[in-house]
Amino acid sequence: MKKQLIISTSIELVRIAPDKIVYIASDGNYSTLVQTDNEVRMLSYQLGQIEKMISNQLGSEGNVFIRIGKSLIINRSYIYYINIPKQKLTLSDVASFSHSVTASKEALKQLKGLLDSYERA
């Protein structure tokens with residue numbers, strides 16, 4: 001069975017397959033998780049805590065997630081479009097969902113460089 005991210009709070013527990021997570025955005029002391037089925041979950045964890053959960057629970061399967069700046073963790077499988085000057089990142093599977101998020105120019109420049117290095121490897 002493929003690994004799943006298990007997120008537990010005082011009132012709920014949810015198991016999510018990594019390929020169902022599009023991105024996780026920081027929202028103060030909370031985080032917003034957006035799924036491929038467009039379901040949005042508010043989590044009572046900061047982004048750093050979720051980053052540790054991903055690493056601890058998913059191991060090498062968690063490498064599909066990339067932290068972008070201070071406010072985003074994205075699933076790199078869904079990167080569709082990066083525009084550095086406009087600070088725009090589009091995450092999409094083309095068929096069923098498309099989400100645009102903003103990130104700093106520096107974060108997007110680093111992301112593009114990272115993806116370029118994956119292409120050359």
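**View 1. Strands β3 and β4 are joined by six bridges.** In this close-up, strand β3 (residues 21-27) and strand β4 (residues 30-35) run antiparallel, where strands (E, at least two residues) and helices (H or I, at least four residues) are DSSP runs numbered from the N terminus. Within this pair, aspartate 27 stands opposite tyrosine 30 in β4. The structure is a predicted model, in which local features need pLDDT of at least 70, side-chain atom pairs count only at pLDDT 80 or more, and totals for chains, interfaces and linings use all residues. Residues are numbered from 1 along each chain as its sequence is written, and side-chain values use heavy atoms, with hydrogens and water left out.

**View 2. An open sheet of five strands has antiparallel pairing.** The strand order is β5-β4-β3-β7-β6, two strands being counted as paired if DSSP finds at least two bridges between them. The edge strands, β5 (40-43) and β6 (65-68), each pair on one side only. From one strand to the next, the twist averages 20°, with axes as lines fitted to C-alpha atoms, for helices over the stretch in contact, and angles running from 0 to 180 degrees between N-to-C directions.

**View 3. An open sheet of three strands follows the order β8-β9-β10.** Its pairing is antiparallel, and the edge strands β8 (79-83) and β10 (98-102) each pair on one side only. Neighbouring strands of this sheet are turned by 15° against each other on average, direction ignored.

**View 4. Strand β9 pairs with β10, and helix α2 lies across β8 and β9.** Five bridges link β9 (residues 88-92) to β10 in the antiparallel sense, and leucine 89 has valine 101 as its bridge partner in β10. Helix α2 (residues 105-120) runs at about 130° to β8, contact meaning heavy atoms within 4.5 Å.
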